[in-house]
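I opened this notebook to record what I looked up in the structure, going from the whole chain down to charged side-chain pairs. Which residues are paired, and how are they covered?

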Amino acid sequence: MKLGALLALCGVSAGAAAQAGSSRRLMDPLVEPLSESDLLHIPPEGFHDDFSTGLDPDRWYLLQKIWGAGNNGVSPENVMMTTDDVGGEVKNVVVFKGHGDQYDGPVKGIVRTGPGQYAADGPGQRVGAMMSTYDYFRAGTYEVEMKAVCETCPEGKPLGMVAAVFTHHYSEHYSARGDLEGDDLNPEDPLYQPRFRQGNANIGYWSTVNSGINAPEIGRAGPWSWQQAGFHTFESVMGAHYQTVTTPPAHGGQYHKYKFTWTTHLIPTDLTDADVTMHGEHHFVTKVDSPHQGMAAVKEGSVWSVPVGKKVQLFIDGTLIGESTEHVSAVAARLQLGLWFPSWAGEAQFEEASLYVSSVKIAPSEEDPSVYRQPESFPNDGVFPIVPQAVAFVGPSTTTEAPTTEPATTTEPATTTTEPATTTTEPATTSEGAAAGEGCTGEACPDPTHCRSKWGYCGSGEAYCNPLSLYKPEGCAATVTECPGAPCEYSTHCRSEWGHCGEGAAYCNDKSIFKPEGCAAVTTTTTTEPTTTTEPTTTSEPTTTSEPITTTTTTTEETTTTEETTTTTTTSTSTTTTEPTTTTTEETTTTTTVEETTTTASDCEGADCDPSLSGAGAVPSSTSTTICENNEETLSCPEGKTIVIKDAWYGREKSGDEVCPHPSIRTIECHADILSHVSLLCGGKESCVVKPTNSIVGDPCSGTYKYAEIEYECAGSDSTVTATSASDSDDSASTHTGTGGPALEVIPTEFDHTPSSYSSQKTYTNPLVFSSIATTNGGHPGIVVPAMSVSEEGKVNLSVSFLEPSCYDVWHKKERASIFVAEAGTYTVPSGGKVEVGSWMVPADGQWHEMEFSAEFQNAPAVIVAVQHPGDAAPAFVKARLTETHKDKVLVGLQGEGDKMGNGQFFDGTYKVAFIAVEEGVVEFGDWTASILSTPEEMTEKTRPVAFSDSALFSKTPAVFASVATYNGPNAVDVRGRGANNRGAKIYLDEDGCRYRPNGRSIRRSRRHPMKEIVNVLALVKTEETLEEGETGSSRRLRGGIESSTSSLRKLAQSILGSFF
């Protein structure tokens, strides 16, 4: 029954109820006047409401209001009570109804009729329901037990509807009269904060105190809706901390306990008595330049302190889900809960869904100071009081089955098994004559043939009768053996053969590598004598048991040879009947998972037959593997052999029943070629770790859980380091044997946020790319992304773009940078020094990793690093950082947006980081001359000139490459330039100024980097573009002109002579 009808039955109109409730409750003080100290340490006055006597009108009120976009408010007509099975016990619960886009019933939406005034006269779609406490509660522990139900929604998910539990306090404070700029304090309202002012001179200025905790906010558009939740803390306009956390599925019809703990503390300050003023029942800070201006303060002894939020932790069913230490308020607030339909939640393609709340607990803490009774601007906005006894019960929930207190009985023990054994060699045995339900923890069902699921519901079939059932007629005893896989995050989940956790038959089956009940759960009945059951096995109909009892035994044998690995699974099926016992055994053998085949010379045809690759008369062994999205797998070869990637793709071409099961599979026609990416990652190595993710290789089909299929060979490798390049005048490849320098070239590029394409002139075997310092035409920060792919003939193809961090608008002006392409190798230069061009695989785990050099340097080299971006992957905002460089090793880590190492990462997996290591000075290698130096430890966000080495006589402006070599300032930083010439460059450290947020958008903060750093700088030009000792720029240009003319004449003579032969 709806609330309005219930009010009418009591002879009270909704308007009269609101007026009566308002005069009775809203104008009363919430508590008796207290001392200032008591307002911060008020004794706990919480409650535990299980609604056993209905909704308490002195504790709760309903909301009738509208806010935000894309919805029609929350209506008190959508709040009612019923009974439901909560943990096996029938209890009163509050039901909040949500009306989706397809609703066509009598309940109206809410419209605003004036300031703080609302009426039920709007469209009935997208209308939710909310209730709130009257009292304001302080820091402590809050817990709500609830579930969501939508019987007509796909998968039970009420997409477009948001269930929320949150605290909220809001107030507005205005500038003083006559303050035309709004930048002065208001003596009459010390809570006005000029530094956070809003408005203008025409309408005036104000600041707000808008604080709260959303823990949780469930329901967003997208495939993970109702399996992820928002977890937010915010305080005024000083900022907010938005997080997205993974939760147990909230749409499965089972109750979960959502609890958050909120802690605060006092921060001592240097404030004096002159810096505070009394306003209402609190002192507030009135010092203009204090970061605490506008905040409450309390004096303890001679020290003024301010209460501030410390931490909020979110728990679901006792498991810690998330934590926030940012923007936590210390202002006491009301608790509100219910559901609504914001526009950002997307379409709500259903008629009606429900949120059931079985209990609410609030336990304020005596130890955590909170600002109690801080004024609130609109405390009565949207309040709809509850008239005592007006909210009666409606019919019980149709989604549950009330438990019975009468246990089911049978005249003989049941002899059927609910599921076969999986990997045990001996079946478990229950004694003959065991009572029904032996070993079960739940009550028997009304129908004695039914099972009670782990959620407390009764029924038949696998959803009810399984190893997690609370009651089964045949009993719940089982034999359990240890599982080979790791336990899942949630105690009820299984880990599938593919390593992914979840619920249902796709995850919990004979092939699971972890199940909560163990990996050999069997419930069977065996007898030592031939037995025929002639008594009824249930209380309904007498039945003679003649069906066989089946148990399955699985054994695994693994045979390994030098070139071949085969996993053989042998399945034996034994059938035992209740007639005199006979046993038959059938065996089948299958070969699964990774397949590795060796082809002999007699089997191979065509170009693939190269006996030199894998021994006499054989080609390399081919291995195929499947890796589920966000899972890691190591590709490896025997010692002395290296990986050659033959084929690699990412997407989905099979159903979840066949490979990588997941609840989010929208298509099986999804395919992206990642051969170039995996080749760049693994080619030429004995082993590598592959982790397919959207952030690294792109998303070919959004909303579908994908996998990668990779085919590779293990080919013979050369233990010596070589570098292959093509000469400028000859297409044939030549091999450098460790002297002279790598094959390299510098490609000038121009680009913006959209990629520009370039190609190398030379060919390479193992190329690495580095971007020079970019120009500063656009004001926004970012990184240069030279995404690389390699053609079949070895040409390097580049797609160069400027990637801004997510707190900016993506668009960027044209910038210029030089891309340095070099063949990997270790080289001895004419001066006797070493140059190493190589790469490391660095995990994106927010940690430092010790990486070694192959070259034997006499001193610690200057190191330039660059993350390698595959051409077939979406660019990732990731930077390589260095610290603690020694002559044989250096610490390397990966950083994301703005924050310190380990934070700010929108990326995961393992990244290839290229490096150039050179001892400082001037070196010549090949056709190139480089000046390498490390700056003094003085680089900050301020532009500073850096002079190239005195012996580097460049005639032209070189390409300048740089990397930060220290980690004094932890925030992510890049080196940018403001111009260069042949004598030096002007460079500075550019923080991107973002602070990472898991919702995919960071927030902007300062771009200052005040901590001083060392920067490694490499300036590179063609050797022909250097000056000889004592030569000036003018004489160099003259000499260059003569040489150019001579070269042109020589080429002309050669072409003429060549025409005669």
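The entries below begin with the chain as a whole and then turn to its salt bridges.

**Entry 1, the whole chain.** I note at the outset that this is a predicted model, and I read every value with that in mind. I looked up the secondary structure and found six helices and 60 strands. The chain has 1061 residues, of which 49% count as buried. I then took the contacts between residues at least 6 apart in sequence, and 72% of these join residues at least 24 apart. For the surface, I noted an exposed area of about 47900 Å², with carbon and sulfur atoms supplying 49% of it.

**Entry 2, salt bridges.** How many salt bridges are there in the count? I recorded 14, and I went through some of them one by one.

**Entry 3, Lys 361 and Glu 143.** I found a salt bridge between Lys 361 and Glu 143, with 3.8 Å between the closest N and O atoms, which lies inside the 4 Å cut-off of the rule. Lys 361 belongs to strand β21 (residues 352–364) and Glu 143 to strand β8 (residues 140–149), so this pair ties together parts that are 218 residues apart in sequence. On accessibility, Lys 361 is partly exposed at 33%, whereas Glu 143 is buried at 13%.

**Entry 4, Lys 299 and Asp 273.** I next looked up the salt bridge in which the side chains of Lys 299 and Asp 273 meet, at 2.9 Å from N to O. Lys 299 sits in strand β17 (residues 296–300), while Asp 273 is in the loop between β14 (256–268) and β15 (276–279), so the parts tied together are 26 residues apart in sequence. I noted Lys 299 as partly exposed, with a relative accessibility of 35%, and Asp 273 as partly exposed, with 48%.

**Entry 5, Lys 879 and Asp 992.** Are the partners in this pair buried or exposed? I first recorded the salt bridge itself, where the closest N and O atoms of Lys 879 and Asp 992 are 3.3 Å apart. Lys 879 lies in strand β49 (residues 879–883) and Asp 992 in the loop between β57 (984–991) and β58 (994–995), so the pair links parts that are 113 residues apart in sequence. As for cover, Lys 879 is buried with a relative accessible area of 7%, and Asp 992 is buried with 1%.

**Entry 6, a network.** Finally, I noted that Glu 815, Arg 976 and Asp 990 are linked in a network of salt bridges.

Terms used:
Residues numbered from 1 in each chain as written. Predicted model: local features only at pLDDT ≥ 70, side-chain atom pairs only at ≥ 80, totals over all residues. Heavy atoms only, no water. Helix = DSSP H or I, 4+ residues; strand = E, 2+ residues; numbered from the N terminus. Buried < 20%, exposed > 50% of the residue type's maximum accessible area, 1.4 Å probe, protein only. Contact = heavy atoms within 4.5 Å. Areas by Shrake-Rupley, 256 points an atom, 1.4 Å probe, with all protein chains shown as cover.
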